[in-house]
Amino acid sequence: MSPSLPEQRIKSDVKNVMTDVLVKLLYQENTTLNSFLRDKIRNLETDRRELVGVFGKTGAGKTSLINAVIDERELLPSGDVNACTSVMIKVEANMCNTMYEAHIEFITKEEWKDELWSVSQLQENTTDQKKDDEDDDYQDVVEKLSALYGEEWKERSSEQLMDPKYFKEIPEFLQSTEKILSCETAKELSAKMIKYTRTESNHGGERGIKRWYWPLVKCVTVKVPHDFPQHITLVDLPGNGDRNKSRDTMWKGIVGNCSTVWIVTEINRAASEKESWEILKSVSSLLGNGGECRDIHFICTKSDVIEDSTDHSANLQAEILRRNIKVKDAVRKEFNKLHKIKKHFSDDSFKVYTVSSKEFLKPKVLSAENTEIPELQDFLQNLNDSHSETLNYVSGAHGILSLIHGARLRKEPGIHTEVCEKLERNMALQLGPVQREMGRACLVFEKHLCEGVERAKFSCEKKLHNFLYPRGKSGSGYHRTLKCVFKSGGVYKPKKGKQINLNMKLSSFLTDSIDEEFRKTFPNERKCGPFNGVIDKFSLDTESLKENYKDVTLQLIFLQTEVNDREKIYSPYIFHLALEQFMRFKKKSYFLFSFFHGKIPFLTCLTGEKN
């Protein structure tokens, strides 16, 4: 839900004030303090978003689910068995205008040149081999080139395929800029963006599309103009990353930053469907240690479908609900078998939904409540409401204005030194537990890593041998797979089946050795913060200081707003960045102590007069 009108007005009024302050600061002397204040004002507008990653195999109903959740039946194209979503699609609120928009980000020209160059290499390497369906690399290239060039690519060199005539419709690709499609209706936008997002087996066919541009697309961000939670981004993700390096890097980054993950599968085989569980296992290393994920939702789609049922009365709804309960129990039992994932996610973090997008958008048998789509919408709204953009902005502005006005007031001699000494003592006391806990964590990690190294010395060779000579696999087919693994730096994504990651296999002795300790130090669940919650307890005790030192109340208010902004500490949710962020906080506090001591020149009055 978008912010209420009163909230929008409050934020708008405060923003106008801060804009005026920033303009005046820009015309003043470029002191350390002025530079600091300018940066703080600019950073007030930072948009903090919650990412919800949506995974699932082709045909599982991901697109229909997203359409239902955002209550837009015709936005993302779905329903064609010969088509699938080929690129990452983000869906979020359009806060700028009332249009439906698609912001298309392309891969670079250099990346496409590299892919075209690899065509000639593949053709040379497969000349004397049978180019069959087992040769994933060759088939992948054929699919991409046929989508973009039709049959022409077979008669052209890689240099000729970069001719601008092939990109007349997308000059933005050649210019390395973003392409924006803007429409008044969801249906119109869906028709326009399909060639940038979907793979179709007939490469155009009935739609009359000559060129499909999805091979050149890195990501598409779809913006909807209606009442969708403004701090939420739904991300329709390919289940196993991407062979293109930049797309795969973006994929890993987004998966690691997802606060919630939706695993989507059809209800009829929800518990036994191997691919859904494999997707969850494959992304677990990014979701668990070092990831932002706090919730995993297993979403069983097409709950309106009951096999061999001819009943269309109220009894059918009751039958569906009974079946849904059984499915949820079966899925939870399967989840309980995933011991490695359960180390990071408790039973409270895992929820199962049985949904019907079809019945929600066009009800016949199920009530809206029993489609469970409203439950997912409520979850997104609650997630969104944890971010009060207006409160964050106003609180930050209040702190900055307090610092500015505090700098302009007359100072009683000796007060600043006295306050600063107390702040320094408070900080030393508060930093003690943090430093001790961080030191303890470093020692424990080092100890476990040394143990992992010793295990690796004795077992690494055996693991590598098992990888190179697996049981039941041999011959040219497996040789090609091995060649692809080593050519791509140890990670290979076959078109079908599980990702092969030799790097992870060989480094597993080290990662496994610190896995348990990392989970305790950086828990995914925010009930207890990192380092056993010592950062949560950090306080400069500014409230009691304000009671005793009225003259510096405004500066103390600013300090408190900085301490309260916990997200600055939590956003880089891995060990070395947590340390780095904490040192930045310490340095910032040193700046303020210097300010109290008069080592930094006082701010010139906003009118241009000196204090």
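Here is a short chat about a predicted model of a protein chain.

Visitor: Let's start broad: how many helices and strands does the protein chain have?
Guide: We're looking at a chain of 611 residues, of which 48% are buried. As for its secondary structure, the tally is 22 helices and 13 strands.

Visitor: And what share of the contacts in the protein chain joins residues 24 or more positions apart?
Guide: The count here takes in contacts with a separation of 6 or more. Among those, the share from residues 24 or more positions apart is 77%.

Visitor: What part of the accessible surface belongs to carbon and sulfur atoms?
Guide: The whole accessible surface of the chain comes to about 31200 Å². Of that, the part belonging to carbon and sulfur atoms is 52%.

Visitor: Which residues gather in a patch of positive charge on the surface?
Guide: One of them is Lys358, which sits in helix α12, residues 357-361. Lys358 has company in this positive surface patch, and the full group is Arg73, Lys358, Lys362 and Lys364.

Visitor: Is Lys358 buried or exposed?
Guide: Its relative accessibility is 57%. The cut-off for exposed is over 50%. Lys358 is past that mark, so it counts as exposed.

Visitor: Which residues does Leu361 touch, leaving aside its neighbours within four places in sequence?
Guide: Leu361 also belongs to helix α12, and it is partly exposed because its relative accessible area is 26%. Asn67 lies 294 residues away in sequence, yet the C-alpha atoms of the two are 9.0 Å apart. With those sequence neighbours set aside, the contacts of Leu361 are Ala68, Asp71 and Arg73.

Visitor: How much accessible area do Val23, Leu26 and Tyr27 have together?
Guide: These three form a nonpolar patch on the surface. Val23 is found in helix α1, which covers residues 5-26. Val23 is partly exposed because its relative accessibility is 39%. Taken together, the three residues of the patch have about 350 Å².

Visitor: Is Ala147 buried or exposed?
Guide: Ala147 is placed in helix α5, residues 136-149. Its relative accessibility is 0%, and anything under 20% goes down as buried. So the word for Ala147 is buried.

Visitor: How far apart in space are Ala147 and Lys195?
Guide: Along the sequence, Ala147 and Lys195 are 48 residues apart. In space, going from C-alpha to C-alpha, the distance is 9.5 Å.

Methods
Residues numbered from 1 in each chain as written. Predicted model: local features only at pLDDT ≥ 70, side-chain atom pairs only at ≥ 80, totals over all residues. Heavy atoms only, no water. Patch = residues over 30% accessible without salt bridge, like charges linked within 9 Å, V, L, I, M, F, W, Y side chains within 5 Å. Areas by Shrake-Rupley, 256 points an atom, 1.4 Å probe, with all protein chains shown as cover. Salt bridge = Lys/Arg side-chain N within 4 Å of Asp/Glu carboxyl O. Lys, Arg positive; Asp, Glu negative; His and termini not counted. Charge placed at Lys NZ, Arg CZ, Asp CG, Glu CD. Helix = DSSP H or I, 4+ residues; strand = E, 2+ residues; numbered from the N terminus. Buried < 20%, exposed > 50% of the residue type's maximum accessible area, 1.4 Å probe, protein only. Contact = heavy atoms within 4.5 Å.
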